[in-house]
Amino acid sequence: MEKIYFDYAATTPVDKGVAEKITPFLEEKFGNPSSLHAFGQEAVFALDRARESVARFFGAKEREIIFMPSATVANNVAIQGALQKKEKPHVVTSAIEHKAVIEPLKNSSAEVTYLPVYKEGVIKEEDVKKAIKENTVLVSIGYANSEIGTIQPIGKIGKIIEKENEKRRNKIIFHTDAVQAVNYLPCKVDKLKVDLLTMSGHKIYGPKGAAALYVREKTPMSPILFGASQEKGFYPGTENVFAFAGLGFALEEIKKNDSEETKKLRDRIIDFVLKEIPETKLNGERERRLPNNVNITVEGAEGESLMMALDNEKIAVSTGSACASNSLSPSHVLLSIGLSRERAHGSLRITLGRYTTEEEVDYFLEKLPPIVERLRKISGK
Amino acid sequence: MKNYYTKEVIDRFLNPKHFGEMKDASGIGKAGNPRCGDQMEVFIKVKEGKIIDASFRTLGCAAAIATSDVICEMIIGKTPKEALSITEEEMVKELKKLPAVKVHCSSLAIEGLKKAVNDYEKRK
């Protein structure tokens, strides 16, 4: 068996067709889009086309799409940009946001309410309503969680905020980090009723170094980076034409019917593990969950050692165990859904993708039980 | 290619020689890392002043399992007092190298050994 990649939530390979379309931008079509000559115009054309494709995918206008180098930068531009020039701003977010949302908030002067996600890993929309205050400036809720794959009711939250905004002068800005959702979930911004949306290229079979931020027209935002006026001044600097073009092409390849196949494979893994390996649990609710995400806890084995043993069998997965983090602290997501530190210690995340096959899943399910058994012998648990 | 773990760590992690509970141990020591959550138990058997056998049970990462195995190997044949003089550096040397964030795993093993020797001294 070749190496098996079950870590699609971390990153994805670039789609072959996409890669072919963008390699010319490295050598022949290398122009700077700010140049007026033919070389530059070729690059402008590529950027325009990519922007069109992003706008179409999200049901947005082209001028509402800003290219970014990564989702982290996009989240920083979104969050810091929304908070600037606001007095004593208050922000509502959830306890399981990605570090790329939590850290910009922690490093701001804003007062932050972290909504609970309960054991299901899903927030209750009425909690959003209760959390909104007079000085609430921003609500930022991730669409789907990268670790446990749970899906938040973004459209419903959007409706609540819309209603709230009808009676307010200082409108609340609604942001969602949709990085993990784009492959599988409906993403039209008018359905979701979001003002800001973050997405990333390398999670959707596009290149790294490309992300996009949707900014609804008339959203009061201040730039946080300064330079020339590229990307409406929100991300000044020469555009990464190669990567941005790739992001555009990658979006065009997303087919919603991928979901059903992936979900079948996901369910096979979940059913097998829960039935065949004693003392295992699924982390996060099963129903409101991305079709490619499995996150389990294996009692009596530690996540990093499970991961390393699987790696030795050429299977790449990931874990939320403290042992696998540089900070030696367990995943805040797992703790937020009520897992004890011990249970977070034995967590394993398997994320499937476009190229996952039944044979790969079979191979994994053959290799996992003896690994668990061996590690449990070593731990004596 | 720069690997996170050396071949020595991986080999020991995949094929540890000294794991398992010891029924007739002369001393048992338990150690836990409150931060990462790793737990370890060291068993020693002492005869005529020397450690003649050692084993471990570890719930932890690859580095924790590898260092547990190394310490058991290193103390067999030593007196309990000699065993206590083993340093983190000596253990890491056996594994060629440990990632900086994993060095605490070797102190966990030393802590477990210390407690096993204390237990043995108490029982004597």
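A nonpolar core is a set of buried Ala, Val, Leu, Ile, Met, Phe, Trp, Tyr and Cys residues joined through side-chain atoms within 4.5 Å, where buried means under 20% relative accessible area with a 1.4 Å probe and protein chains only. In this predicted model, local features need pLDDT of at least 70 and side-chain atom pairs count only at pLDDT 80 or more, while totals for chains, interfaces and linings use all residues. Residues are numbered from 1 along each chain as its sequence is written, chains are lettered from A and ligands numbered from 1 in the order in which they are written, and side-chain values use heavy atoms, with hydrogens and water left out.

The largest nonpolar core has 73 residues, and those with the most contacts inside it include F6(A), F364(A) and I44(B). Its largest share, ten residues, is supplied by helix α2 (residues 62-75) of chain B. Beyond its neighbours within four places in sequence, F364(A) is in contact (heavy atoms within 4.5 Å) with F6(A), I269(A), L310(A), I315(A) and I350(A). A second, separate core of 63 residues has A46(A) and L334(A) among its members.

Helices (H or I, at least four residues) and strands (E, at least two) are DSSP runs numbered from the N terminus, and two strands pair if DSSP finds at least two bridges between them. In chain A, seven strands form an open sheet of mixed pairing in the order β2-β8-β7-β6-β5-β3-β4. Strands β2 (65-68) and β4 (111-115) of chain A each have a single partner strand, so one side of each is left without a neighbour in the sheet. The twist averages 20° from one strand to the next, with axes fitted as lines to C-alpha atoms, for helices over the stretch in contact, and angles running from 0 to 180 degrees between N-to-C directions.

Three parallel pairings in this sheet are listed below.

| Strand pair | Bridges | Opposed residues |
|---|---|---|
| β3(A) and β5(A) | four bridges | T93(A) and S140(A) |
| β5(A) and β6(A) | three bridges | V139(A) and F174(A) |
| β6(A) and β7(A) | three bridges | D177(A) and T198(A) |

Strand β6 (residues 173-177) of chain A is mostly covered, with five of its five residues buried. In a regular strand the side chains alternate between the two faces of the sheet. On one side of β6(A) lie I173(A), H175(A) and D177(A), on the other F174(A) and T176(A), and all are buried. Helix α6 (residues 154-166) of chain A lies across β5 and β6 of chain A, running at about 170° to β6(A).

How values were computed:
Buried means under 20% relative accessible area, exposed over 50%, partly exposed in between (1.4 Å probe, protein chains only).
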